[in-house]
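The following exercises ask the reader to work through a protein model together with its ligand. Each task is followed by a solution in steps.

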Amino acid sequence: MFDNLKEKLGSFRKDAEEAAEENVEEVEDEEDLEDVDEAAVEAEAEAADAEEAGAAEPEAPDTTPGDDAAEVAETEADGDLEAEAAAPDSGEAAANADASSAAVEPEPESADTEAELESEPEPEPEPEPETESGSGSGSGLDLEGMIRDDEPEESAGPADAAEPDAEADAAAETEAAEAVEDDDTDTDDEAESNGSTGFGRKAKSLVKGKFVIEEEDLEDPLHELELALLSSDVEMGVVDEILDNLRDELIGETRAFTTSTGDVIEEALRDAIYDVISVGQFDFNERIAIEDKPVVIVFTGVNGVGKTTSIAKMSRYLEERGYSTVMANGDTYRAGANEQIQEHADALDTKCISHEQGGDPAAVLYDAVEYAEANDIDVVLGDTAGRLHTDEGLMDQLAKIDRVVDPDMTLFVDEAVAGQDAVNRAREFNEAAEIDGAVLTKADADSNGGAAISVAHVTGKPILFLGVGQGYDHLERFDPDEMVDRLLEDEDEE
Ligand SMILES: Nc1nc2c(ncn2[C@@H]2O[C@H](COP(=O)(O)OP(=O)(O)OP(=O)(O)O)[C@@H](O)[C@H]2O)c(=O)[nH]1
Ligand SMILES: [Mg+2]
C-alpha cells in the first residue's frame with residue numbers, strides 16, 4: 001500500500017538530510033566554535049564514553065564521504081599542533097582526531113558500530129597525559145584513548161600514527177588525518193551498504209554543536225519532493241501545504257547538535273503530512289455511540305467504487321462492536337443491485353430493506369429507518385446508486401434523502417486508485433451535497449497514496465475508513481498517526 005509514495009518520501013528524507021549536513025560543515029567552517037554549547041558537547045562526550053565503555057564503536061558510523069572526515073581530521077590536527085607546541089606529546093593529533101569522531105559516535109545508534117567497538121577489547125587507558133592540552137579543544141579524554149585503539153586495528157597506517165611514541169608531531173598529525181580519512185571511507189561504504197546514510201554526518205554536526213538549514217539547502221530536495229508528490233497524484237494545493245509546512249519547520253532555525261539532522265527532517269515531514277491528512281478527524285466509534293438510535297449513514301459516490309461492498313464491511317465492523325444494523329438499498333437504479341446487496345445481507349445475517357427497481361430511494365431509506373425504530377436496530381446503512389455530481393436527477397435524489405430521513409452521516413466513497421480523479425470528485429460531491437467524511441476503497445491496490453493524502457485537506461472532511469481488500473474484514477479505520485507511521489517507517493528498512 002502506498003509504496004511509491006513511501007519511496008518518494010524516503011528519497012526526500014535522504015536528500016534533505018544530505019543537504020542539511022552539508023550545511024553543517026559550512027556552519028562549522030564559518031562560525032566560531034565559541035558559540036558551541038560546550039557543556040552540551042561534554043555531556044554528549046560523556047554519554048558517548050558510557051556507551052562505548054559498554055560497546056559502542058567510535059568511527060564506524062561515518063557515512064560521510066572521505067573528504068568530510070578528512071576535513072574534520074585536519075581541523076583537529078591543526079588545533080593539536082598548537083597544543084603540542086606547548087606540550088609536545090605523542091599521537092595527540094591522532095588522539096584528537098579520534099576523539100572528534102568518538103564524540104560524534106554517541107548520536108548514531110547503530111548496532112553495527114557498537115558491535116565493532118566490542119571487538120576492540122583493549123581500549124587503552126589514555127596513556128597520554130598530554131591529552132589534557134588537547135582536551136581543551138572540547139572533547140572527553142576517554143574518547144581519545146578508545147579511538148586510538150580502534151584506529152590502529154582498522155588500518156595499519158593510522159595505527160602507527162596514533163602510537164604514543166610517535167612524537168613527531170607533524171608526521172603524527174598527517175598520518176592521523178589520513179587514518180581518519182581511511183577509516184571514514186571504509187565505514188562510509190559499510191554504512192551505505194547498511195542503508196544508514198547520513199550517520200557519519202550527524203556525527204560531524206555533533207562535534208561542532210549546531211546546524212542551520214538555509215532555504216537554498218532545501219531548494220532542490222523540496223523541488224524533487226514537489227514533483228514526486230504531484231506524480232503520486234497528491235493534489236496541488238496539498239503539495240503546496242506540505243512544502244510550506246516543511247519550509248516553516250526546517251528553515252533558518254539553529255539547532256543543537258543533540259538533535260540529528262535525520263530526526264529533524266523526519267519530524268518535519270511527519271508533521272507536514274499529519275497536518276494535511278488529519279483535517280476534520282473525529283472519533284467515528286464515539287459518534288456512533290452517542291448519537292440517538294437509529295444512526296443513519298448514507299453512502300454515496302460514483303459507479304463501481306465500492307459503495308455496496310463498503311456497506312457490507314461497515315455492517316460487519318459495527319456488529320463486531322456490538323451494534324445491530326440494517327441495510328437499505330437506495331440503489332433503485334441499477335439492475336441487479338437488490339440481489340447484490342441482499343447477498344451481502346444474507347452472508348452477514350442482517351436485514352436488508354429494498355424496493356422494486358426504479359422506486360424512490362428516499363422511500364427505501366425511510367422504510368429502513370422505520371424498521372430500525374420498530375426493531376431496536378442501532379444503525380441504518382443506506383446504499384445509493386452510483387452517480388456523478390453533474391447528474392442532476394441523481395443528485396436531486398440525494399437532496400430528497402436528506403430531507404426525508406435527515407441522515408446522521410453522509411459518507412463519500414471513492415477508490416484510492418483513482419488518485420486525482422477521486423480527489424476532484426470528493427471536492428465536487430462535498431460542494432453539491434455536503435459530506436461528513438470519506439471512505440477510500442481499494443487502498444490495497446494503490447501505490448501512489450495521492451488520494452489518501454489529499455481528500456481530507458481538499459474537502460475539509462476526514463477520511464474515516466480505508467477499504468483494504470474485498471473481504472468483509474477489509475475495512476480499516478483511517479488513523480492519521482498510523483498513516484504517517486506507515487508512510488515513513490517502512491522507508492527506513494529499505
Ligand atoms: N481490492 C479491493 N476491491 C474492492 C474494495 N472495495 C470494493 N472492491 C471491489 O470493487 C468492486 C465494486 O464494488 P461495489 O461495492 O459493487 O461498488 P459500488 O460502488 O457499489 O458500484 P455501483 O453500485 O455499480 O455504483 C467489487 O468487485 C468489489 O469487490 C477494496 O477495498 N479493495
Ligand atoms: Mg453498489
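The exercises below concern a predicted model and proceed from the chain as a whole to its ligand and to individual residues.

**Exercise 1. Describe the overall make-up of the chain.**

Step 1. The secondary structure consists of 21 helices and ten strands.

Step 2. Of the 494 residues in the chain, 54% are buried.

Step 3. The accessible surface of the chain amounts to about 20,000 Å², and carbon and sulfur atoms account for 43% of that surface.

Step 4. Consider contacts between residues at least 6 apart in sequence: 81% of these join residues at least 24 apart.

**Exercise 2. Characterise the surroundings of ligand 1.**

Step 1. There are 20 residues around ligand 1, and those that come nearest are Gly306, Lys307, Thr309, Asp444 and Gln470.

Step 2. Sorted by class, this shell holds three nonpolar, eleven polar and six charged residues.

Step 3. Helix α15 (residues 307-320) supplies four residues, the largest share of the shell.

Step 4. Turn to the polar contacts. A nitrogen atom of ligand 1 lies 2.8 Å from an N or O atom in the side chain of aspartate 444. Backbone atoms also take part: an oxygen atom of ligand 1 is 3.2 Å from a backbone N or O atom of glycine 469, and an oxygen atom of the ligand is 3.5 Å from a polar backbone atom of valine 468.

Step 5. Taken on its own, ligand 1 has 660 Å² of accessible area, of which the protein covers 81%.

**Exercise 3. Relate the annotated span at residues 462-475 to its geometry.**

Step 1. An unreviewed UniProt entry places the feature "domain: SRP54-type proteins GTP-binding" at these residues.

Step 2. In the model, residues 462-475 are 0% helix and 43% strand, and the C-alpha atoms at the two ends of the span lie 16 Å apart.

**Exercise 4. Determine whether aspartate 446 is buried or exposed, and identify its contacts.**

Step 1. Aspartate 446 sits in the loop between β8 (437-441) and α20 (450-459).

Step 2. The relative accessible area of aspartate 446 is 6%, so the residue counts as buried; the cut-off is under 20%.

Step 3. Not counting residues up to four places away in sequence, aspartate 446 touches Met1, Phe2, Ala416 and Val417. With methionine 1, the C-alpha to C-alpha distance is 5.8 Å, although 445 residues separate the two in sequence.

Step 4. Locally, the side chain of aspartate 446 reaches the backbone nitrogen of asparagine 448 at 3.0 Å.

**Exercise 5. Carry out the corresponding analysis for asparagine 245.**

Step 1. Asparagine 245 belongs to helix α12 (residues 236-250).

Step 2. Its relative accessibility is 12%, and asparagine 245 therefore counts as buried.

Step 3. Beyond its neighbours within four places in sequence, asparagine 245 is in contact with Ala272 and Asp275.

**Exercise 6. Examine the backbone at proline 294, aspartate 233 and lysine 442.**

Step 1. Recall the usual pattern: most residues other than glycine have a negative phi, and most peptide bonds are trans.

Step 2. Lysine 293 and proline 294 are joined by a cis peptide bond, with omega about -5°. Proline 294 lies in the loop between α14 (284-290) and β3 (295-300).

Step 3. Aspartate 233, though not a glycine, has a positive phi of about 75°. The residue is placed in the loop between α11 (215-231) and α12, and at 23% relative accessibility aspartate 233 is partly exposed.

Step 4. Lysine 442 likewise is not a glycine and has a positive phi, of about 55°. Lysine 442 is located in the loop between β8 and α20 and is partly exposed at 32% relative accessibility.

Methods: Residues numbered from 1 in each chain as written. Chains lettered and ligands numbered in written order. Predicted model: local features only at pLDDT ≥ 70, side-chain atom pairs only at ≥ 80, totals over all residues. Heavy atoms only, no water. Near = heavy atom within 4 Å. Polar contact = N/O pair within 3.5 Å; in protein donor to acceptor, adjacent residues only side chain to side chain. Areas by Shrake-Rupley, 256 points an atom, 1.4 Å probe, with all protein chains shown as cover. Nonpolar A, V, L, I, M, F, W, Y, C, P; charged D, E, K, R; others polar. UniProt positions renumbered as here; feature names shortened; annotations may be inferred. Buried < 20%, exposed > 50% of the residue type's maximum accessible area, 1.4 Å probe, protein only. Contact = heavy atoms within 4.5 Å.
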